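Please read the following explanation alongside the sequence and the model, taking one chain at a time before turning to the contact between them.

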Amino acid sequence: MRFTKDHEWLTEEEIATVGITSFAADALGDVVFVELPEVGTVVSAGDPAGEIESTKSVSEVYAPADGEIVEVNQAVVDDPALINSDPYGKGWLYRLRISGTPVTLSDVEYEALIAGETS
Amino acid sequence: MRRTALHHVHQRLGASFTGFAGWEMPVRYGSDVAEHHSVRKSVGLFDLGHMGQIEVSGPEAAAFLDYALVGRLSAVAVGRAKYTMLCHTNGGVLDDLVVYRLEPQRFLVVANAANAPIVIAMLGEYSGGFAVTITALDRALVAVQGPDAVRVVGEHADLRYYGIKAERLAGKDVLLARTGYTGEDGFEIYCANADAEAIWEWAQAAGAQPAGLACRDTLRLEAGMPLYGHELTVRTTPFHAGLGRVVALDKSDFVGAAALRTVTPETELVGLVTKGRRSPRAGHAVLDAVTGAKVGEVTSGAPSPTLGHPIALAYVARDRAGGSLVVDVRGTREAAEIVSLPFYKR
């Protein structure tokens with residue numbers, strides 16, 4: 001699993017599964033609404049690709065790489081609390097067929113990033 | 001960042017923290033929605049040690065507060081409280097306050113955390129010529145809020161709404177007030193910093209659930225209560241916020257009187273409900289549904305955990321044509337209906 005500076009995670013596959021990190025989910029609070037891009041949407045790295053709303057705030061989800069959305073997680077749309085309860089599992093957001101090389105961080109680099117944000 | 005006397009208790013409880021007005025405060029302990037519901041359905045427990053506490057005392061304390069604030073504090077009986085505001089000479093709100101009369105010549109002024117330095121400075125500036133002493137207190141404040149709050153305070157629950165009295169709780173000397181900012185029945189307990197943990201543990205042992213700042217905001221919004229920096233700013237007068245009733249215009253003289261006597265607000269604060277799942281948020285434009293013209297702006301908005309749909313407060317033009325409004329929620333137009341406040345009433 002790799003991470004982005006925007007607090008997404010993605011698996012290291014050609015069709016990567018994408019979600020937000022537990023750090024991001026904790027910072028948002030209880031998620032009450034998720035909007036995901038439509039299947040077939042072509043995105044560039046850094047494009048807004050979804051929206052996550054909690055009681056406290058709204059955050060955009062950014063595409064972690066160039067690619068095409070090939071599947072979205074309807075379960076998380078129906079039950080947004082999955083993002084809080086299982087951000088790396090049932091709370092995944094969508095699957096992306098990656099066409100470029102994503103700019104990602106290793107788990108060690110991501111830990112260092114969030115340590116900087118919380119200190 | 002400053003920390004309250006209860007910081008280590010919040011850490012022990014596993015709270016998430018956020019920076020708020022220079023203080024590191026617990027934003028939630030687990031689920032902010034669950035904390036919200038616990039306040040509505042049973043009883044929640046808040047650390048409000050970041051609020052400003054200012055004592056105003058002396059032979060002319062009442063006359064001074066009548067001059068410095070928009071309300072008539074001299075008419076408040078000992079043991080009672082009043083919601084009031086400190087305004088600029090131009091009528092703009094510098095802070096909204098709860099003022100308790102503890103003794104004939106001794107008042108407790110409670111200010112928003114962010115505004116406490118301004119309140120202390122302005123009270124000092126306005127106090128010239130009055131025989132008063134203004135003292136910033138370094139003291140804790142714990143709130144128990146919700147329908148079961150009376151069970152937490154037990155035999156002491158005979159206090160009237162907006163009343164305050166000296167009590168002994170958990171073996172500590174406190175000031176117990178029946179006030180709050182959640183729309184629920186509840187109590188606020190003013191105590192020494194050294195006693196805050198004992199009071200907190202006592203309330204938790206009686207069933208009060210720790211609740212953070214995130215749910216405090218959704219609770220106050222449902223209750224239609226203004227938040228400084230959102231509904232109230234130095235650019236708005238109490239009349240703009242629909243709170244003209246707190247201004248005692250018949251007082252002979254007070255800071256801001258000349259401006260407040262002539263103000264005719266072009267906007268009014270209204271409650272909006274929308275039906276979609278996306279919530280209006282502060283800063284979103286309110287538009288005329290037909291013409292698309294901007295007629296207002298959202299000041300606070302959130303999905304209401306109690307009501308199950310988005311709610312918002314907004315300033316809208318009094319002369320807006322027609323009745324149908326939409327809110328531009330990040331590019332999506334959500335139909336909005338004006339409703340009377342509060343959104344939620346117990």
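In chain A, β6(A) and β7(A) form a hairpin with three residues between them, where strands, like helices, are DSSP runs numbered from the N terminus (E, at least two residues for a strand; H or I, at least four residues for a helix). Strand β6 (residues 48-54) of chain A is joined to β7(A) by four bridges, and the two run antiparallel. Within this pairing, Glu51(A) stands opposite Glu60(A), while Ile52(A) has Ser59(A) as its bridge partner. The hairpin strands belong to an open sheet of three strands, in the order β4-β6-β7 (chain A), with antiparallel pairing; two strands are taken to pair if DSSP finds at least two bridges between them. Its edge strands, each pairing on one side only, are β4 (31-35) and β7 (58-62) of chain A, and the twist averages 25 degrees from one strand to the next.

The model is a predicted one, in which local features need pLDDT of at least 70 and side-chain atom pairs count only at pLDDT 80 or more, whereas totals for chains, interfaces and linings use all residues. Residues are numbered from 1 along each chain as its sequence is written, chains are lettered from A and ligands numbered from 1 in the order in which they are written, and side-chain values use heavy atoms, with hydrogens and water left out.

For residues 15-97 of chain A, UniProt lists "domain: Lipoyl-binding" in an unreviewed entry; such annotations may be inferred rather than shown by experiment, and their positions are given in the numbering used here, with feature names shortened. Over residues 15-97 of chain A, the chain is 19% helix and 42% strand, and the end C-alpha atoms are 4 Å apart.

Chain B contains an open sheet of six strands with mixed pairing, in the order β10-β11-β12-β9-β3-β13 (chain B), and its edge strands are β10 (164-169) and β13 (209-210) of chain B. Six bridges join strand β9 (residues 140-145) of chain B to strand β12 (residues 186-191) of chain B in an antiparallel arrangement, with Ala140(B) opposite Cys191(B). Helix α2 (residues 32-41) of chain B lies across β3 (44-47), β9 and β13 of chain B, at about 115 degrees to β3(B), the axes being lines fitted to C-alpha atoms, for helices over the stretch in contact, and the angles running from 0 to 180 degrees between N-to-C directions.

Another helix of chain B, α3 (residues 61-68), is largely enclosed by the rest of the structure, because six of its eight residues are buried, that is, under 20% relative accessible area, as opposed to exposed at over 50% and partly exposed in between (1.4 Å probe, protein chains only). Among the buried residues of α3(B) are Phe64(B), Leu65(B) and Asp66(B). The elements that the buried residues of α3(B) pack against include β4 (52-57), β7 and α4 (116-126) of chain B, contact meaning heavy atoms within 4.5 Å.

Strand β7 (residues 106-111) of chain B holds Arg106(B), which counts as partly exposed because its relative accessibility is 24%.

Between the chains, the contact takes 16 residues from chain B and 17 residues from chain A. Chain B and chain A bury about 1300 Å² between them, 43% of it on carbon and sulfur atoms, where buried area is the accessible area (1.4 Å probe) that two parts lose on being put together, summed over both. Arg277(B), Arg278(B) and Arg281(B) supply 43% of the area that chain B buries against chain A, more than any other three residues.
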